[in-house]
Structure formats: C-alpha cells, structure tokens
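Please open the model in your viewer, with the backbone drawn as a cartoon and residue labels ready to be switched on. The tour below moves from one selection to the next, and each stop says what to look for there.

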Amino acid sequence: MLVLVRQFLKDSRHTGAIIPSSSRLALAMTRSVRSGKHPKRVLEVGPGTGPFTKPLLRALLPGDEFHAVEINPTLSNRLETRLLQPFRNAHPEISVELHCAPIESADIQPGFDHIICGLPFNNFPPPLVRRIFKRLLELLAPGGELMYFEYAGVRAMKGPLVGVEGRRKLKRIGATAKILSRRHSGKRKLVLGNMPPAVAVRLTR
Ligand SMILES: C[S@@+](CC[C@H](N)C(=O)[O-])C[C@H]1O[C@@H](n2cnc3c(N)ncnc32)[C@H](O)[C@@H]1O
C-alpha cells in the first residue's frame, strides 16, 4: 500500500488513489471474465499494485491472452516481478504481456473480449477522457465488455473543492459518462465494500 502513497505523492493526477481497490470491488469488476467463454483476450488498464490483476489471472485458461497497460514504470516493474513473471512461469500456455505505456499510445492489437480499466478519469482533462474512452471502445471486440469504476458521488464531492473551472471539467466528464452509458447499454453497480465506496460501470460494444 505504501508504494501507492509514494507514487501518489509523485504524480497524483495519474495515480488517482492512495489505497488500492478492495477485493469486493475487484470481484464486481472481474465477474464476467470469470464466467465468460474461452479462449478470450483480456486487457487491464491501470493495474497499479494489482488488486484486479490477481482475480483476472486466476480466471485465465490455456489459450487465453492477457495484456496489462500501466503508465508508471515503478508500478509496472512491481507488477511484473510480483505477479506476471511468476504467473508466466507457472502457466507457459497462457500469453501474458505487460506494456509500460499510456493506454492512449500503447502498441496493442484490438479485439478484446474484456477490458478492465482502473484509470482515475475524474482527474483527467475532459478531452483526454473522451480520447481514452474512444480508444478503449475501439480496442473492444464486437460484443465485448468494458468495465471501469469511479468513487461514488466523486464529482459532487470534488465540486466544492475545485473552483469554477474544475467544476466545469467535472460536469463535462459526467456528461461524457452519461452519453457513453446511453450508447453502450451502461449498467452500474454500487460497491459499498471499498474505501471509498465505488460504482463499477459496465459498457458493451
Ligand atoms: C486509481 S489507480 C488504480 C490502480 C488499481 N487498478 C486499483 O484499482 O487499485 C490508477 C492507475 O492507472 C495508471 N494510469 C494512469 N493513467 C494511465 C494511462 N494513461 N495509461 C495507463 N495507465 C495509467 C496509474 O499509474 C495507476 O496505477
């Protein structure tokens, strides 16, 4: 957990949290990967210290493919050493790749059945939020599913602290989320067992 605090102090905008997501939120974010068809291609964006990566790796079977895209080199190295390399050694028949890059420009092929995204969208400028969602939806296979989460009521809570321009940005991010939800059959699940409580959002292509 301390590693996330250190990375947050260095770069709060990208890191977005000082506490990793809980196992409850991880279950909500990864449920359909555990029950879906095989072989499948799974992409995790912003794995951080790996709370979603662990259940995702457990859900994989021979022939499946897993990619993780993490912008932060310290968190990438940690994920590789602690989770991905040991998993590859134990399961050579499952393809596991780590890309230390921003999702906006990571060199990955589209056609993912599941994308699990842990990015702190409410910290980003609205044009970047739209660009990243566009990229994520392009990376999804037809019929695929994109999961992301946000802290419950985050825009209402941040609003009074960020000034007029900040509130305008949060409003635009909220509007983007609403449009995406309408276009992509959005479903929301409140997860109280997270610090702070969070909403897991499911979009489909
Ligand atoms: C809020 S943390 C979430 C970490 C973990 N998924 C969790 O739920 O605890 C956000 C993570 O996204 C990463 N990140 C931020 N912007 C990114 C980008 N553009 N591309 C890839 N990763 C990014 C950060 O470095 C950080 O590890």
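In which sense do strand 2 and strand 3 pair, and over how many bridges? Select strand 2 (residues 65-69) together with strand 3, and keep in mind that this is a predicted model; the two strands pair in the parallel sense, over five bridges. To see one position in this pairing, label Val-69, which stands opposite His-99 in strand 3.

Stay with strand 3, residues 95-99, and show its side chains. In a regular strand the side chains alternate between the two faces of the sheet. Here Val-96 and Leu-98 point to one face and are buried, while Ser-95, Glu-97 and His-99 point to the other face and are not buried.

Next, add helix 5 (residues 73-90) to the selection, since strand 2, helix 5 and strand 3 make a right-handed β-α-β unit. Helix 5 has 18 residues, and from its first C-alpha to its last it reaches 24 Å, which is close to the 26 Å expected at 1.5 Å a residue. Centre the view on Glu-80, where helix 5 bends by about 45 degrees. Then colour Leu-75, Ser-76, Leu-79, Leu-83 and Leu-84, which are buried residues of helix 5.

Now move to strand 4, residues 112-117, which is mostly covered, with six of its six residues buried. On one pairing, strand 1 and strand 4 run in the parallel sense over four bridges, and the bridge partner of Leu-43 in strand 4 is Ile-115. Strand 4 is also joined by five bridges to strand 5 (residues 140-151), and these two strands run parallel. Keep Ile-115 labelled, for it stands opposite Leu-146 in strand 5. From strand 4 the chain crosses through helix 6 (residues 126-139) to strand 5, and this β-α-β crossover is right-handed.

Turn next to the ligand, which is surrounded by 23 residues, the closest being Gly-16, Ser-21, Gly-46, Gly-48 and Gly-118. If you colour this shell by class, you will find 13 nonpolar, eight polar and two charged residues.

The next stops concern the backbone itself. Most residues other than glycine have a negative phi, and most peptide bonds are trans. Select His-38 and Pro-39, where the peptide bond is cis, with omega near -10 degrees; Pro-39 lies in the loop between helix 3 (23-35) and strand 1 (41-45). A cis peptide bond also joins Met-195 and Pro-196, with omega of about -5 degrees, and Pro-196 is found in the loop between strand 6 (187-191) and strand 7 (198-204).

Follow this with Ser-185, which has a positive phi of about 50 degrees although it is not a glycine. Ser-185 sits in the loop between helix 8 (163-183) and strand 6. Is Ser-185 buried or exposed? Ser-185 counts as exposed because it has 11 C-beta neighbours inside 10 Å, and the cut-off for that class is 12 or fewer.

For the last stop, select Gly-163, which belongs to helix 8. Gly-163 is exposed, with 10 other C-beta atoms within 10 Å. Finally, draw a distance between the C-alpha atoms of Gly-163 and Met-29: these residues are 134 apart along the chain, and the two atoms are separated by 32 Å.

Conventions: Residues numbered from 1 in each chain as written. Predicted model: local features only at pLDDT ≥ 70, side-chain atom pairs only at ≥ 80, totals over all residues. Buried ≥ 20, exposed ≤ 12 C-beta atoms within 10 Å, placed from the backbone. Near = placed C-beta within 6 Å. Nonpolar A, V, L, I, M, F, W, Y, C, P; charged D, E, K, R; others polar. Pairing = 2+ DSSP bridges. Right-handed = clockwise from strand over helix to strand, strands pointing away. Expected span 1.5 Å × (residues − 1). Bend = angle between axes of the 7 residues up to and from the residue.
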